[in-house]
Amino acid sequence: MKAMKSIQTLERQDKQVASVFYKEWQRVNEGVELIPSENFVSKAVLEALGSIFTNKYSEGYSHKRYYGGNQFVDEIEDIAVSRAKQLFGAEHVNVQPYSGSPANQAVFFALLNPGDKFMGLDLASGGHLTHGSPVNFSGKLFKCVSYNVDRKTQFLDMDAIRKQALAEKPKMILSGLTAYPRKLEFKAFQEIADEVGAYHFSDIAHIAGLVAAGVHESPVPYADVVTTTTHKTLRGPRSAIIMCKKEDRLKQKYRPDGKKNLAELIDFNVFPGIQGGPHDHVTAAKAVAFGEALLPSFKEYAKQIVKNAKALADVLISGGLKLVTGGTDNHLILIDLTTKGLTGKGKEIQMALDEANITVNKNTIPYEPATPFNPSGIRLGTPAVTTRGMKESEMEVIGANIVKVIDNHSDKNVIAKVKQDIVELSKGFLLYPDL
Ligand SMILES: *Cc1c(COP(=O)(O)O)cnc(C)c1O
């Protein structure tokens, strides 16, 4: 086991746990990470996460706490809030949600009553579990009417969504994606919400880094509420924030809750609504990550994510693979395996790629002909490899190897050869070399 500087005490105290840390470092450095929801944070963010702020209890909000000794937690939270406001141009920001799913839960509880109808993107069309899946709180407690991508083009059809909204009269419309490789038209979503008198809730978990960098349209000027995770393209710690307008455009139309404005309503539904004490070490790490995202270099990073995704998509297409919608406009790509005779074989392909040190995830494709556990798609993306410094030429090598593995997924020799190439490629892009 290689000694790691950042965990010297841990290595002395608990070899069993420390040894696993090293194995993970090695796994990351000998492979390529193509899961589009993942990224690698900076060492500064890691340091903030493993810091003294993990110890404090600070229920409440800055300067209005239920515990003493919070003057420096307040200072940290204030920095995080003001940087997030600057980054996204938001009127109000809550930096306390533990992660994306609880952030979304707080928004549902703030705007709607249980049983109320809303519209969200179907899971198979690229939506998230919290956008109304029947196994999730959003589908269990609220009445979800899903919208889908167009069966032929696999793009979202804003006219069809408008017609559906006019017929269904939802109280909230959710715009957001987790496996849709094209841009979302937030202004068009807002116009539909205005026309039917619904709230517009936008969840930019996947694309927040692109939005912050101006590479993707922002919903912040339009939507009533915007949530995002902070650990995907935004490249911060595993967490989330909620942004909203100060005033409630619909004046608590569906869920009367006193004289609160929208900002107060959101805060009240995070704490005490669904959470207790905020994770102050994560708030500190968010402040650091927002500071990084405000730098000009982050814009370059976000642009490169999209360039890399396009380059990777091109290689996959020339290798004979079919991509959902025929390509990508953002950071992610969805391979449709059905034309290779691999319907329902997403899991096998994911495992074969894993053996070759290429990390991806199996995913449903629109109108999935197989099942969610054995789906017909592979989802991949470029945020993490771009953080490691890879560019278009590396995407060509990776893409060609993905095609090789898919075409020879039961040939151990081919997989072993690809693995060698990937280990070799990765060595030139060491992550946390002196961790
Ligand atoms: C990842 C994601 C979430 C959930 O985030 P967790 O932190 O995993 O709870 C919510 N919405 C969308 C669109 C996502 O992609």
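Which classes of residue, nonpolar, polar or charged, make up the lining of the largest cavity, and how many of each are there? I should like to begin my presentation with that question, and I note at once that the structure before us is a predicted model.

The lining of the largest cavity has 4 nonpolar, 4 polar and 1 charged residues. The residues concerned are V95, Q96, P97, Y98, S239, H279, V282, T283 and K286. As for volume, the largest cavity comes to about 40 Å³. A search of the whole structure finds 1 cavity of 30 Å³ or more. For those new to the subject, the idea behind such a search is simple: rolling a probe the size of a water molecule over the atoms shows where empty space is left.

Let us turn from the cavity to the pockets. The largest pocket has a volume of about 710 Å³. Its lining consists of 24 residues, and those nearest the centre of the pocket are E24, F40, V41, L46 and Y432. By class, this lining divides into 13 nonpolar, 6 polar and 5 charged residues. Which helix gives the most to the lining of the largest pocket? The answer is α2, with 6 residues. Helix α2 covers residues 15-29, and α3 covers residues 43-49; each of them supplies at least two residues of this lining.

My next topic is salt bridges. The count for this model comes to 20 salt bridges, and I shall present three of them.

The first example is the pair E33 and R27, in which the closest N and O atoms are 3.9 Å apart. Are these two residues buried, or partly exposed? E33 has a relative accessible area of 5%, and because buried means under 20%, E33 is classed as buried. R27, at 40% relative accessibility, counts as partly exposed. This pair also belongs to a network of salt bridges that links E24, R27 and E33. You will recall E24 from the pocket, where it is among the residues nearest the centre.

The second example is R65 with E77, whose closest N and O atoms are 3.0 Å apart. R65 lies in strand β3, residues 64-65, and E77 in helix α4, residues 71-88, so this salt bridge ties together parts that are 12 residues apart in sequence. Here both partners, R65 and E77, are buried.

The third example joins D224 and R249, with 2.7 Å between the closest N and O atoms. This pair links distant parts of the chain, 25 residues apart. D224 is in the loop between α9 (208-212) and β9 (225-229), while R249 is in the loop between β10 (240-244) and α10 (262-270). D224 is buried at 3% relative accessibility, whereas R249, at 33%, is partly exposed.

We now come to the aromatic residues. How many aromatic pairs does a search of the whole structure find? It finds 12. One of these pairs is F108 with F201: the ring centres are 6.1 Å apart and the planes stand at 85°, so the pair is edge-to-face. F108 lies in helix α5, residues 100-111, and F201 in strand β8, residues 199-203, so the two rings tie together parts that are 93 residues apart in sequence. Both F108 and F201 are buried. Ring pairs also link them with further residues: the cluster consists of F108, F109, F118, F137, F142 and F201.

Rings may also have a charged side chain over the face. R151 lies over the face of Y367, at 4.0 Å from the ring centre. In a second case, R235 lies over the face of Y301, at 3.9 Å from the ring centre.

I shall close with two buried isoleucines and their distances to other residues. I406 is in helix α15, residues 392-407, and is buried with a relative accessible area of 2%. I406 and L321 are 85 residues apart in sequence, and their C-alpha atoms are 9.2 Å apart in space. I415 is in helix α16, residues 412-427, and counts as buried at 3% relative accessibility. I415 and V81 are 334 residues apart in sequence and 47 Å apart in space, C-alpha to C-alpha.

Conventions: Residues numbered from 1 in each chain as written. Predicted model: local features only at pLDDT ≥ 70, side-chain atom pairs only at ≥ 80, totals over all residues. Heavy atoms only, no water. 1 Å grid on protein atoms, 1.4 Å probe; cavity = no way out; pocket = protein on both sides within 12 Å on 5 of 7 lines; lining within 4 Å. Points joined across faces, edges and corners; volume = space filled by probe spheres on them. Helix = DSSP H or I, 4+ residues; strand = E, 2+ residues; numbered from the N terminus. Nonpolar A, V, L, I, M, F, W, Y, C, P; charged D, E, K, R; others polar. Salt bridge = Lys/Arg side-chain N within 4 Å of Asp/Glu carboxyl O. Buried < 20%, exposed > 50% of the residue type's maximum accessible area, 1.4 Å probe, protein only. Phe/Tyr/Trp six-rings, centres within 6.5 Å; stacked < 30°, edge-to-face > 60°. Lys NZ or Arg CZ within 6 Å of the ring centre and 35° of its normal.
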